[in-house]
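Some structural labels rest on a value set against a cut-off. The following exchange asks how such labels are reached for one chain.

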Amino acid sequence: MNCLRTIALSLSLFLLGLIGPIQAQLQMNFYANTCPNAEKIVQDFVSNHVSNAPSLAAALLRMHFHDCFVRGCDGSVLINSTSGNAEKDATPNLTVRGFGFIDAIKSVLEAQCPGIVSCADIIALASRDAVVFTGGPTWSVPTGRRDGRISNASEALANIPPPTSNFTNLQTLFANQGLDLRDLVLLSGAHTIGVSHCSSFTNRLYNFTGRGDQDPALDSQYAANLKSRKCPSLNDNTTIVEMDPGSRKTFDLSYYQLVLKRRGLFQSDSALTTNPTTLQNINQILKGSVESFFSEFAKSMEKMGRINLKTGSAGVVRRQCSIANS
């Protein structure tokens, strides 16, 4: 009898262990009962502002990417540090924009539903809505993420793929997050919108191997144009350049066409052509329709949005996104 009780107890604990994680997962309309208008508030705020600042779509998408690659999608990229060692102080995040925009959305939500909607969910929702309002793809954003309270510059530097990445580095950093080569190619497609600072790629123009040379993988005519019209020196840290020239406001296939023409702005763009699998993926995308690309991009965004989730008691809901213990 005691043996049977022990077995029953063990089985019960096992089942609870299975049920727990399931209940803790994200779900669509997570705030339906606790803050019914949460997603509409985010959507309305985005639509009211993105029309006047369309570049916000690329900025918020980049923020979401950088947030998820460090400790998962937990809003830790938003945290300020008085000692200068938070994620936003790391080199990859020095040019990230949109922090004030997320804070503004949070303020509206806090007034409506205090302490309910996480900063992590706001980033996920706002980045999707901003892309949609600029004519880009939509994707499902299940909610219920909790915020983290730890934000380290060193972890951002170690985990966010830099624009100078070669293929091996890209493959490793994406695999570390559970993302495969198809995801790498599709998520790189976000470079179809937005701009970059010269400092992210001038080494390709002026000092690729440390000998004052140019990256041979970069189209020479494109390089000459960048040198003469955009980035006249290696030390230019302020000038911005379109990542997808002539099409930076349109979410389309132009980025992939440029990559095959050796006109991808970053070394990481060029790196996609150095591996047969990623090169094949690019060609497959270009043979398909924009709608097909949108659908595939959406799947990779949904996958990225689930990296290292904090749900339930594993995280908190920060009342102020920029303050770890708020």
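The questions below concern a predicted model, and they take up a helix pair, a helix residue and the disulfides in turn.

Q: Why are helix 2 and helix 5 called oblique to each other?
A: The axes of helix 2 (residues 38-50) and helix 5 (residues 119-133) cross at roughly 45°. Angles under 35 degrees count as roughly parallel, and 65 to 115 as roughly perpendicular. The crossing falls in neither range, and helix 2 and helix 5 are therefore oblique. Their axes come within 9 Å, and the crossing is right-handed.

Q: What makes the contact of helix 2 with helix 5, and which residues meet there?
A: Contact requires heavy atoms within 4.5 Å. From helix 2, the residues are Glu 39, Val 42, Gln 43, Val 46, Ser 47 and Val 50. They meet Leu 125, Ala 126, Asp 129, Ala 130 and Phe 133 of helix 5. By class, seven of the residues in this contact are nonpolar, two are polar and two are charged.

Q: How do you know whether Ile 282 is buried or exposed?
A: The relative accessible area of Ile 282 is 0%. Buried means under 20%, so Ile 282 is buried. This residue has its place in helix 13 (residues 276-287).

Q: Which residues are in contact with Ile 282, leaving aside its neighbours within four places in sequence?
A: Ile 282 is in contact with Val 185, Tyr 256, Val 259, Leu 260 and Leu 272. As for its position relative to Gln 43, the two residues are 239 apart in sequence, and their C-alpha atoms are 32 Å apart in space.

Q: What makes Cys 68 and Cys 73 a disulfide?
A: A disulfide is a pair of cysteine sulfur atoms within 2.5 Å. The sulfur atoms of Cys 68 and Cys 73 are 2.0 Å apart, so the pair meets the rule. With 115° about the S-S bond, this link is right-handed. Both Cys 68 and Cys 73 are buried.

Q: Why is the disulfide of Cys 119 and Cys 321 called left-handed?
A: The torsion about its S-S bond is about -100°, so the disulfide is left-handed. The sulfur atoms of Cys 119 and Cys 321 are 2.2 Å apart, within the 2.5 Å cut-off. The pair links distant parts of the chain, 202 residues apart, with Cys 119 in helix 5 and Cys 321 in the segment after helix 14 (290-304).

Q: How do you know that Cys 119 and Cys 321 count as buried?
A: The cut-off is under 20% relative accessible area. Cys 119 has 0% relative accessibility and therefore counts as buried. Cys 321, at 1%, also counts as buried.

Q: What joins Cys 198 to Cys 231?
A: A disulfide joins them, with an S to S distance of 2.0 Å. At -80° about the S-S bond, the link is left-handed. Cys 198 counts as buried because its relative accessibility is 0%, and Cys 231 counts as buried at 0%.

Q: How many disulfides are there by this rule, and what is the pairing?
A: The count comes to four disulfides. With the bonded cysteines of the chain numbered in sequence order, the pairing is 1-4, 2-3, 5-8, 6-7.

Note on methods: Residues are numbered from 1 along each chain as its sequence is written. This is a predicted model: local features need pLDDT of at least 70, side-chain atom pairs count only at pLDDT 80 or more; totals for chains, interfaces and linings use all residues. Side-chain values use heavy atoms; hydrogens and water are left out. Axes are lines fitted to C-alpha atoms, for helices over the stretch in contact, and angles run from 0 to 180 degrees between N-to-C directions. Helices (H or I, at least four residues) and strands (E, at least two) are DSSP runs, numbered from the N terminus. Angles under 35 degrees count as roughly parallel, over 145 as roughly antiparallel, 65 to 115 as roughly perpendicular and the rest as oblique. A crossing is left-handed if the near helix is turned anticlockwise from the far one by less than a right angle, and right-handed if clockwise. Ala, Val, Leu, Ile, Met, Phe, Trp, Tyr, Cys and Pro count as nonpolar, Asp, Glu, Lys and Arg as charged, and the others, Gly among them, as polar. Buried means under 20% relative accessible area, exposed over 50%, partly exposed in between (1.4 Å probe, protein chains only).
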